Amino acid sequence: MNMLMEGAVLLGCAVVAVPLFQRLGLGSILGYLAIGVLLGPSLIGFISEPTEVLHFAEFGVVMLLFMIGLELEPKRLWDMRLKLAGLGSAQMLLCGALLTPVGLWLGLELPAAALLGLILALSSTAFALQVLSENQQLATPHGQSTFAILLFQDLAVIPLLALLPLFADNFDASTGSGWAGVVKGIGMVAAVIIVGRFVVPRLLKMVARSEIHEIFTAAALFVVISTALLMEWVGLSMALGAFLAGVLLADTVYRHELEANIDPFKGLLLGLFFMAVGMSVDVSLVMERPLTVLGLTLALMVGKVLVITLVGRVARLKLAEALPLAAVLAQGGEFDFVLLTAGMAAGIFDQTLTSLVISAVTLSMAATPFLYRYARKFGAAREAKRPYDEDFGQEAPPVLIAGFGRFGQMSARILKTQGINFTALDPNITQVEFVRQFGSRIFYADASRSELLRAAGAEHAQIMLVAVDDARMTTQIVRTVRQQFPHLKLFVRARNRHHAWELMELGVEHVIRETYASSLEMGNELLVAMGYPSARAAEVVRAFREMDDTMLKSDFENRHDPEALVTSAKSAMEELKRLFQTNRRARHCGPKR
């Protein structure tokens with residue numbers, strides 16, 4: 001009952017705090033951290049043993065790595081080998097060297113200080129990937145580089161754990177226990193690869209044939225948990241084992257089913273992990289030695305930002321990518337807690353030093369979302385000032401296109417067939433550089449900034465198509481254009497009906513709902529497949545389109561009244577049915593030949 005009560009309180013706090021933090025623009029991670037600090041032993045004390053919660057919640061990180069593994073087929077992982085080894089090793093070694101003086105400042109001998117430097121070089125897989133996911137940046141160049149570095153760090157935990165006894169005062173080199181652990185770990189990795197490749201798919205096939213959904217869920221959880229426990233049994237990272245299992249199952253037919261079954265557990269346990277990290281903060285120690293904790297946090301984050309930015313630039317990442325890469329990896333990691341605790345048990349670190357470093361690591365995690373947001377804006381602003389982005393040329397095409405994804409590209413190709421020139425703006429540098437190879441007039445620019453629109457020729461253009469995928473960004477661009485360039489005729493992509501009304505409030509006359517036309521076309525095909533003559537199907541779809549377009553405009557006045565909208569929809573459907581019935585009777589009663 002005590003465990004149920006703790007679970008109920010944690011869930012209740014999460015339900016209230018996380019949406020609130022999200023709405024305030026602070027992100028879900030800070031919401032979970034705040035709950036942890038509040039309920040932890042340092043403040044209210046509702047949870048008295050945060051280490052137990054943290055140990056259990058680590059399965060959230062395990063499941064996160066399994067889900068990531070499912071997205072990576074072995075071939076893709078092999079293609080990443082150079083980035084994995086190059087970026088990962090450079091980041092670890094350089095950050096470790098730069099952070100070694102931190103250990104000397106805390107009174108450690110050089111070997112122990114070097115070990116502490118390597119531990120602090122690790123970043124939080126859970127925090128970094130969650131921040132990237134919330135900002136939809138996993139597929140960007142800095143997102144891919146972040147993943148490669150984090151994967152290398154997870155691999156590096158294995159030798160770090162194995163080498164801990166070398167730094168202990170009572171280590172006996174003749175036992176060779178550390179190296180035996182490495183050999184045992186390699187053997188277990190090989191066993192997981194063999195079983196995951198040849199045994200698990202057959203097990204899942206047998207379970208799938210039973211057609212019992214909950215048993216497949218149990219099988220998915222069994223694969224993840226058993227692999228993680230086997231890895232921990234030989235002293236390796238549980239998350240690494242789960243990642244390996246995910247990679248081995250990525251090219252099987254069960255990939256999406258596994259992902260759907262694991263995802264709810266992953267989300268809840270990750271939230272619990274972030275709360276457990278917040279519980280680990282020793283508020284009394286922070287209040288007692290605030291300058292030491294703050295100094296440690298700044299040294300950790302500034303040192304890692306400098307090194308990782310340099311590594312990113314050497315790896316030929318542009319500044320707009322290198323800065324976010326450094327910011328999202330600037331914090332300490334969850335494996336810091338494991339390694340620091342193990343180091344304390346081995347007599348390498350004392351209790352006070354461990355508590356100070358854990359507090360600094362937790363503060364660095366809390367600062368990561370803010371630092372990442374600032375780094376993205378600063379990097380984008382610097383990149384926007386590059387000569388080829390500011391120099392849009394003397395020509396001012398009649399059409400501006402904001403957003404050059406699938407929607408914008410299709411419209412642009414139609415314009416191109418008719419010889420109509422356009423200028424396209426997109427904030428995704430990867431997309432810009434790819435499309436430029438085909439000779440399109442596209443520039444890296446944020447279309448919500450009036451000075452960039454002016455430089456792109458908005459004052460002389462006639463029409464602007466806003467084809468941005470993000471609804472909030474679309475609305476922001478429309479506001480800017482309506483204020484600064486009211487002469488432009490706007491054609492705007494709307495996410496849905498409610499977004500269309502929001503745009504109509506801003507005075508946009510030409511609103512195109514992004515899936516509307518394709519849905520009508522699909523409806524036409526469905527009617528034909530049901531035996532309707534093509535002309536009859538086209539007539540039905542045309543009548544429905546006219547009715548829906550009329551409703552979109554007539555319901556605009558009642559958009560905030562749900563009851564009026566329901567009444568209007570019912571009335572329109574009845575009117576449409578009457579129209580079709582009248583047409584049908586007219587055809588049957590007409591003159592016979």
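Start by selecting helix H15 (residues 290–314) together with helix H16 (residues 319–328). The two pack at an angle of about 145°, and their axes are 8 Å apart. Axes here are lines fitted to C-alpha atoms, for helices over the stretch in contact, and angles run from 0 to 180 degrees between N-to-C directions. Helices themselves are DSSP runs of H or I with at least four residues, strands are runs of E with at least two, and both are numbered from the N terminus.

Before you click on, a word on what you're looking at. This is a predicted model, where local features need pLDDT of at least 70 and side-chain atom pairs count only at pLDDT 80 or more, while totals for chains, interfaces and linings use all residues. Residues are numbered from 1 along each chain as its sequence is written, and side-chain values use heavy atoms, with hydrogens and water left out.

**Stop 1: where H15 meets H16**

The crossing of H15 and H16 is right-handed. A crossing gets that name if the near helix is turned clockwise from the far one by less than a right angle, and it is left-handed if anticlockwise. Now show the side chains: on H15, pick Val305, Ile308, Thr309, Gly312 and Arg313, which meet Leu319, Ala322, Leu323, Leu325 and Ala326 in H16. To meet, or be in contact, is to have heavy atoms within 4.5 Å. Sorted by class, this contact of H15 with H16 has seven nonpolar, two polar and one charged residues. Ala, Val, Leu, Ile, Met, Phe, Trp, Tyr, Cys and Pro count as nonpolar, Asp, Glu, Lys and Arg as charged, and the others, Gly among them, as polar.

**Stop 2: H5 alongside H15**

Keep H15 on screen and add helix H5 (residues 81–105). These two pack at an angle of about 150°, with axes 9 Å apart. That makes H5 roughly antiparallel to H15; the label is for angles over 145 degrees, while under 35 is roughly parallel, 65 to 115 roughly perpendicular and the rest oblique. The crossing of H5 and H15 is right-handed.

Which residues in H5 meet H15? Select Leu87, Ala90, Gln91, Leu94, Cys95, Leu98, Leu99, Val102 and Trp105. Their partners in H15 are Thr292, Leu296, Ala299, Leu300, Gly303, Lys304, Val307, Ile308 and Val311. By class, the contact of H5 with H15 has 14 nonpolar, three polar and one charged residues. As you look along the helices, remember that an α-helix has 3.6 residues a turn, so residues three or four places apart point the same way.

**Stop 3: on to H6**

Next, add helix H6 (residues 110–121). H5 and H6 pack at an angle of about 130°, with their axes 6 Å apart. That makes H5 oblique to H6. The crossing of H5 and H6 is right-handed. Among the H5 residues in this contact are Gln91, Cys95, Leu99 and Val102, and those in H6 include Leu110, Ala113, Leu116 and Leu120. The contact of H5 with H6 has twelve nonpolar, five polar and no charged residues.

H6 has twelve residues and reaches 16 Å from its first C-alpha to its last, close to the 16 Å expected at 1.5 Å a residue. That expected span is 1.5 Å times one less than the number of residues. Colour its buried residues: Ala112, Ala113, Leu115, Leu116, Gly117, Ile119, Leu120 and Ala121. Buried means under 20% relative accessible area, exposed over 50% and partly exposed in between, with a 1.4 Å probe and protein chains only.

**Stop 4: three single residues**

- Gly295 sits in helix H15. At 26% relative accessibility, Gly295 counts as partly exposed. Draw a C-alpha to C-alpha distance to Ala360: 8.5 Å, with their positions 65 residues apart in sequence.
- Ile358 is found in helix H18 (residues 351–384). Is Ile358 buried or exposed? At 12% relative accessibility, Ile358 counts as buried. Leaving aside neighbours within four places in sequence, Ile358 is in contact with Ser280, Phe337 and Leu340.
- Phe46 is in the loop between helix H2 (28–39) and helix H3 (50–70). Phe46 is partly exposed, with a relative accessible area of 28%. Beyond neighbours within four places in sequence, Phe46 is in contact with Met5, Glu6, Val9, Leu39 and Gly40.

**Last stop: zoom out**

Show the whole protein, with 27 helices and six strands. Buried residues make up 47% of the 593 residues.
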